[in-house]
Amino acid sequence: MSFSWPCKLIAEDFLATGFGLVLDPDAEPSVFRFDRVCRPARSSDVLALPIFKQEEPQPSPESDSKVPPFQYVLCAATSPAVKLHEETLTYLNQGQSYEIRMLNNRKQVCCTDLSSKYVKSIIRVVFHDRRLQYTEHQQLEGWKWNRPGDRILDIDIPLSVGIIEPRANPTQLNTIEFLWDPAKRASAFIQVHCISTEFTPRKHGGEKGVPFRIQIDSFKQNASGEYTEHVNSASTQVKVFKPKGADRKQKTDREKMEKRSPQEREKYQQSYETTFLTECSPWPDLPCVTNTPSPGYSSSSPSFSLRDGNVSPNEEGDLLLPNLADPLLPNASIQDAQQWLHRHRFSPYSRLFANFSGADLLKMSKEDLVQICGPADGIRLYNIIKRRNVRPRLTVYVCQEAEHSRAVQPQKQDQSAGTLCVYHAIYLEELTALELTEKIANLYSIAPCQINQIYRQGPTGVHILVSDEMVHYLIDESCFVINTLKAEGSEGYHIILK
């Protein structure tokens, strides 16, 4: 079978389903004839023709850089009771070992990106609530005082695979670190020993526990051989229950979702067997104030000693933005501005501001930053740039009775000369007795559990127990003289506000 096809096609060979394209010497120059050929058609020959050739797309450096070098997977199921567009939530059992798999997303690229064979990863358990992040040191010190010898986060070394040099700093109860080889399989099994309800204000049963975050920060070696160059960070939201409590909570959430209508279930996320940690900013390594574990006092007069000088809001752990000591200067270079963004957890936007100096960032309006970074981070960046602090709801000034007595006594003897009586500011936001206890304990450099009760001296010298309602109705910028009494039958103290 043969037929002619007039066209201006120029081809040496065309194979398709057993037909061959040959030149007919008797036909016109522009006419070709299809003849069935004996040799079968090969798909490789067809795809080798120019009309079937497609150049393979080469990954651009820009698209490759968007892929995080490492992916971290927590082997625990996510909750089905989380709405769409909200962050996933995972329930964990206290003290149970959970695997975290560390996966290499860019094996070919990592060989050139990483100058060293190993990567150092730091896993930490931190507070999800921003309010508790500001008072993290005080919260952990209180937990340490109630649970001596225990750690918040541990690594199960016998179950872990592919990690070397695991370390747990005795002073950082919520942090572990280790080295691992990205070219090999690596899994770290972790145990969380604190539960979410241990950090709730009241402990009468049935409280809603505070959420934690499990965050992993990875670093590679610098030119000096130190693991200080940040590679990537990822975190996820978790809640920790007493043993078997996470299983019961997961079952309860699943049963609640099964009772909902199909239309309502579409508004919630599907539960997955594993939890993927999402990319985030590196955790800032802020210098930690070392508090003495117990107060020093004399046998004749049991009392604490206040720290010298005025106490800054950041040392007291109140709700001021932690950037006031690190302002963005107008003369900051582009590199300085990039480092400033990293220090204040704006790493995801560092590429957008790659060519911005300090003066450029300071000139931007609130609307510009919201449009670039979104409402949440845009407002936060604007407030930090403009050095706007959150005004506390209540401010009280306190002075130790011993200092007050030393200052008043010379004034009675000689009115012309007197000793300066220094008061310390305490900033309150929640207006609760527990918050006042924590702030006074931080002022004395002790654990909050050492303060048994706080009293206010009323008319005729009576001692009135300070409650949440009393704190709520305190007059702003009130002044008090603090007296301490040793509690009978315990190692705690009573605080009297005069």
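How much of the accessible surface of the protein belongs to carbon and sulfur atoms? In this predicted model, the share is 52% of a total of about 28800 Å². On the burial side, 42% of the 498 residues count as buried. The secondary structure consists of 15 helices and 21 strands. Contacts with a separation of 6 or more come to 68% from residues 24 or more positions apart.

Turning to the strands, five of them form an open sheet with antiparallel pairing, in the order E8-E11-E6-E4-E14. Its edges are strand E8, covering 153-155, and strand E14, covering 275-276, each of which pairs on one side only. Strand E8 is joined by three bridges to strand E11 (residues 186-192), and the two run antiparallel. Within this pairing, Ile 155 has Ile 190 of E11 as its bridge partner.

Among the helices, H9 (residues 334-343) offers a clear example of one-sided burial. Ala 337, Gln 338, Trp 340 and Leu 341 are buried in this helix. Seen down the axis of H9, these buried residues line one face of the helix, because they fall within an arc of 160 degrees. What do the buried residues of H9 pack against? Their partners are helix H10 (358-363) and helix H12 (375-385). Following H9 comes Arg 345, a residue with a positive phi, near 65 degrees.

Technical notes
Residues numbered from 1 in each chain as written. Predicted model: local features only at pLDDT ≥ 70, side-chain atom pairs only at ≥ 80, totals over all residues. Heavy atoms only, no water. Pairing = 2+ DSSP bridges. Helix = DSSP H or I, 4+ residues; strand = E, 2+ residues; numbered from the N terminus. Buried < 20%, exposed > 50% of the residue type's maximum accessible area, 1.4 Å probe, protein only. Contact = heavy atoms within 4.5 Å. Areas by Shrake-Rupley, 256 points an atom, 1.4 Å probe, with all protein chains shown as cover. Arc of directions from axis to C-beta.
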